[in-house]
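Me: I keep meeting labels in structure descriptions, and I'd like to know where they come from. Can we go through one example together?

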Amino acid sequence: MSPYPADTVQAQAVAPSLADLTTLRVGGPAASFVEAEEEAALIEAVSTADDDGVPLLVVGGGSNLLVADEGFDGVVVRDSRNGITVESDDSCGGAVVSAPAGQNWDELVERAVSDGWVGVESLSGIPGTVGAAPVQNIGAYGQELSGVVSLVRTWDRAERRVRTFSVGQLDFGYRTSLLKRSMHSEGREGDPLAPWYPSPRYVVLSVQFQFRLGTLSAPIGYGELARRLGVEVGQRAPMKDVRETVLGLRGGKGMLLDRPPFGAGPDHDRWNSGSFFTNPVIPVEHLAHLPDDAPRYPVRSSTPETSTGPSLGAIDPALVKTSAAWLIEHAGFGKGFGLAGEHSPARLSTKHTLAMTNRGGARAEDVIALARAVRDGVRDRFGVTLVPETVLVGVSL
């Protein structure tokens, strides 16, 4: 049983729908909903669900979720805690910063750029919360979270205790981690209680970051961003310029949250779950199966190659990454594609083919049908099976 008293948990009498809790704005009702404003309340809600054998879905910003139209027959727990704590900040040790899992991610990035904490500037504009960031090892424009994480505090649902993982224990990879793999049966440790899906065995409580100090960014690792900044890949640029440029790139692709100005209508390109599929990472010997003009990007280690100064990750010569968006478009699914044409309730974004969007009246089944058609079309054309980055709850491809 949890060590925390039951009265620390505040359950809402009327549970909201998952459409109200996710950026895709689809999904049926939750059987039960808890808003956790303290760490004790979060642990109590999780422990109570596990004690009762009730399915558990922990949500943050809801920006990486697609939930079935029937809803979720269990407890949905949202961590609403926020706050950024500077534990130390000096020229020798850099900045050690911690934040609870419910903290808005982009607010932390904005603070980092303002205060000269180097290493997350290219992750500007990613929706969601701090707690989701290490689970997914969020990344964008050549930068990954794993480069700045030092510790992640979690609630271990199997052992019913707080466990803290160092960066070396988290087994980060491209859009994955020990935390994410613990949702299934792929955890590094033998776990007879797995799978824990749709929430990890290890529920993130807080994250500690270790930042270098400076005004220049970490080395730029993405060609498009480097060109916009007027630098070469591997060079650095003012952090404020990097943030502004990344926000511009993301906005141009419909990859920022929809916050229409007063009197304006919604931008349905922004009613999405971010990149629906991950970029395929394939062995170099399989490159012959792709067209010569298909994009090819180096696959780098999730942590910097050196610790003595700013650096990119080491390149893995056995692997290469290609662009899921390019494969989708060249398999015949252009921007704005819908199964029923322009009036389809779910369509690819008109700005970016990697986003499945809700045009205002879509259901989960509409989004899944579109994603399935895209996945099958890419596989038939190129022999590459796209893997969802969006977490699917109650639905499957």
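What follows is a chat about the labels used for this predicted model.

Me: Let's start with the whole chain. What makes the protein chain as compact as a globular protein of its length?

Reply: Its radius of gyration is 21 Å, and the globule rule gives 21 Å for 397 residues, so the chain counts as compact as a globular protein of that length. The C-alpha atoms fill a box of roughly 60 × 60 × 50 Å along the principal axes. In secondary structure, the chain has 8 helices and 18 strands. Of the 397 residues, 53% count as buried.

Me: Now the rings. Why is the pair of F209 and F211 called stacked?

Reply: Look at the angle. The planes of F209 and F211 are 15° apart, and stacked means under 30 degrees, so the label fits. Their centres are 5.7 Å apart, and the limit for a pair is within 6.5 Å. Both residues are buried. F209 and F211 also belong to one aromatic cluster with W105 and W117. In total, the structure holds 9 aromatic pairs.

Me: And what makes F333 and F337 an edge-to-face pair?

Reply: Here the planes of F333 and F337 are 85° apart, with 5.1 Å from centre to centre. Edge-to-face needs an angle over 60 degrees, so that's the label they get.

Me: Why is F333 called buried, and why is F337 called partly exposed?

Reply: The cut-off for buried is under 20% relative accessible area, and partly exposed runs from there up to 50%. F333 has 10%, so it counts as buried. F337 has 25%, so it counts as partly exposed.

Me: How do you know that R25 lies over the face of W271?

Reply: R25 is 4.3 Å from the ring centre of W271. The distance limit is within 6 Å, and there's an angle limit of 35 degrees from the ring normal as well. R25 is listed as lying over the face of W271.

Me: On to the backbone. Which peptide bonds are called cis, the ones leading to P195 and P198?

Reply: Yes, those two. From A194 to P195 the bond is cis, with omega near 5°. From Y197 to P198 the bond is cis too, with omega near 15°. P195 lies in the loop between α4 (178-181) and β12 (202-213), and P198 is in the loop between α4 and β12 as well.

Me: What makes Y141 and R175 worth a note on phi?

Reply: Each has a positive phi in a residue other than glycine: near 50° for Y141 and near 55° for R175. Y141 is in the loop between β8 (139-140) and β9 (143-144). With 10% relative accessibility, Y141 is under the cut-off, so it counts as buried. R175 lies in the loop between β11 (161-166) and α4, and its 11% makes it buried too.

Me: One last thing. What makes up the lining of the second largest pocket?

Reply: The lining has 21 residues, and R175, K180, T278, V387 and P388 lie nearest the centre. The elements giving two or more residues to it are α4 and β18 (391-393). By class, you get 10 nonpolar, 6 polar and 5 charged residues. The pocket holds about 510 Å³ of space.

Methods:
Residues numbered from 1 in each chain as written. Predicted model: local features only at pLDDT ≥ 70, side-chain atom pairs only at ≥ 80, totals over all residues. Heavy atoms only, no water. Phe/Tyr/Trp six-rings, centres within 6.5 Å; stacked < 30°, edge-to-face > 60°. Buried < 20%, exposed > 50% of the residue type's maximum accessible area, 1.4 Å probe, protein only. Helix = DSSP H or I, 4+ residues; strand = E, 2+ residues; numbered from the N terminus. 1 Å grid on protein atoms, 1.4 Å probe; cavity = no way out; pocket = protein on both sides within 12 Å on 5 of 7 lines; lining within 4 Å. Points joined across faces, edges and corners; volume = space filled by probe spheres on them. Nonpolar A, V, L, I, M, F, W, Y, C, P; charged D, E, K, R; others polar. Rg over C-alpha atoms; globule rule 2.2 N^0.38 Å.
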